[in-house]
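Here are a few friendly notes to read with the structure open beside you. They go from a helix pair to the core and then to the sheet.

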Amino acid sequence: MADAATIAKLEEGFKKLEAATDCKSLLKKYLTKSVFDQLKGKKTSLGATLLDVIQSGVENLDSGVGVYAPDAEAYTLFAPLFDPIIEDYHKGFKQTDKHPNKDFGDVNQFVNVDPDGKFVISTRVRCGRSMEGYPFNPCLTEAQYKEMESKVSSTLSNLEGELKGTYYPLTGMTKDVQQKLIDDHFLFKEGDRFLQAANACRYWPTGRGIYHNDNKTFLVWCNEEDHLRIISMQMGGDLGQVYRRLVSAVNEIEKRVPFSHHDRLGFLTFCPTNLGTTVRASVHIKLPKLAANREKLEEVAGKYSLQVRGTRGEHTEAEGGVYDISNKRRMGLTEFQAVKEMQDGILELIKIEKEMQ
């Protein structure tokens, strides 16, 4: 049961949300008085309360979603709030639906979407994973951060072949190494205000680090937003090669580190927008003719459930006509299907761009 001080803070936060007329977050939409009263006294076995779930969205009224899961159990205990938010965000993933089992499919079905190298600048596929038996950021102790980093770095140091590389802890990182990782766009900064408010940045930089292979085509972030962000990327449009590298890396890591998984929701991560497959496959792509007609671009993207972002990701503009385009759906379909949607959509966009005079 949550203590009196926590409940008092929750009551205050709920009033603030209710009064915020211009707040459009999913938290505000679904945290009704009855849901609030039902959940405000609850506490997970690791000690997480509704306050841990909603504090970021209460502090940042301009949040799009506004909730985070402090630990795996939160998704079940606070389901009356999480489930409708998940259904709204992952359009069509209803509260009665069950996410399919992991299925990377036939990895040889993916191709180079731009063999002539005229449109796609780079390709990237990433997924998030949480380590079983550990809470998510707000409930982690400093000792747990260190323990997790040590497990992750020793696991990664056993990778071989193309995945072989080096782990760089953020603690004690020299300026030279730091600059090199910034130049390669590998280094993540301390969390943004949404993560800060969710208590996701405590003990920084303890337990955080970056691993990359010698070719700089495979990357793992340790304890940034999620326990693990596993990333495969390279210049050009060879999605097949990028996907195969990711799949072999995930399978290798999973042999040594068990991942947190939920029967209905798939792989569990800190943010409910990133459940299920957790896979985001994206390209940086130049489509000058389509870009001149943003509506047309959005229309085709929408047909294939693709998300169009600016060059540097969310809330940015396209620089020099370069867009970041990725699969939007992460739940209710397999990993293979998610990446296949993205491949089919990109091939279609390129075809339309070529046909436009």
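**Notes on the predicted model**

1. Let's start with two helices. The axes of helix α12 (residues 294–303) and helix α13 (residues 335–355) come within 9 Å and cross at roughly 145°. The crossing of α12 past α13 is right-handed. Please keep in mind throughout that this is a predicted model.

2. Which residues make this contact? On the α12 side they are Lys296, Leu297 and Val300, and they meet Glu348, Leu349 and Ile352 of α13. By type, the contact residues are four nonpolar and two charged, with no polar ones.

3. Next, the interior. The largest nonpolar core has 54 residues, and those with the most contacts inside it are Phe218, Ile253, Ile285, Ile325, Ile346 and Leu349. Helix α10 (residues 239–256) supplies the largest share of this core, with eight residues. Apart from it lies another core of 39 residues, including Val35, Leu51, Leu81 and Phe93.

4. Ile325 deserves a click. Leaving aside neighbours within four places in sequence, its contacts include Ile285, Leu297, Leu306, Val308, Ile346 and Leu349. Leu297 and Leu349 also take part in the meeting of α12 with α13.

5. Now the sheet. How are its strands ordered? Eight strands form an open sheet in the order β2-β3-β4-β5-β1-β8-β10-β9, with antiparallel pairing. β2 (165–169) and β9 are the edge strands, each with a single partner, so one side of each has no neighbour in the sheet. From one strand to the next, the twist averages 20°.

6. Two of the pairings are worth a look. Strand β9 (residues 306–309) pairs with strand β10 (residues 322–327) in the antiparallel sense over four bridges, and Leu306 has Asn327 in β10 as its bridge partner. Strand β4 (residues 218–222) and strand β5 (residues 228–235) also run antiparallel, joined by five bridges; here Leu219 is partnered by Ile231 in β5.

7. Along β9, Leu306 and Val308 point one way while Gln307 and Arg309 point the other way, and all are buried. Helix α13 lies across β1 (120–129), β8 (280–286), β9 and β10, running at about 15° to β8.

8. Finally, is Arg208 buried or exposed? This residue sits in the loop between α9 (193–197) and β3 (209–213). Its relative accessibility is 0%, and because buried means under 20%, Arg208 counts as buried. The C-alpha atoms of Arg208 and Tyr145 are separated by 7.7 Å, although the two residues are 63 residues apart along the chain.

Conventions. Residues are numbered from 1 along each chain as its sequence is written. This is a predicted model: local features need pLDDT of at least 70, side-chain atom pairs count only at pLDDT 80 or more; totals for chains, interfaces and linings use all residues. Side-chain values use heavy atoms; hydrogens and water are left out. Axes are lines fitted to C-alpha atoms, for helices over the stretch in contact, and angles run from 0 to 180 degrees between N-to-C directions. A crossing is left-handed if the near helix is turned anticlockwise from the far one by less than a right angle, and right-handed if clockwise. Contact means heavy atoms within 4.5 Å. Ala, Val, Leu, Ile, Met, Phe, Trp, Tyr, Cys and Pro count as nonpolar, Asp, Glu, Lys and Arg as charged, and the others, Gly among them, as polar. A nonpolar core is a set of buried Ala, Val, Leu, Ile, Met, Phe, Trp, Tyr and Cys residues joined through side-chain atoms within 4.5 Å. Buried means under 20% relative accessible area, exposed over 50%, partly exposed in between (1.4 Å probe, protein chains only). Two strands pair if DSSP finds at least two bridges between them.
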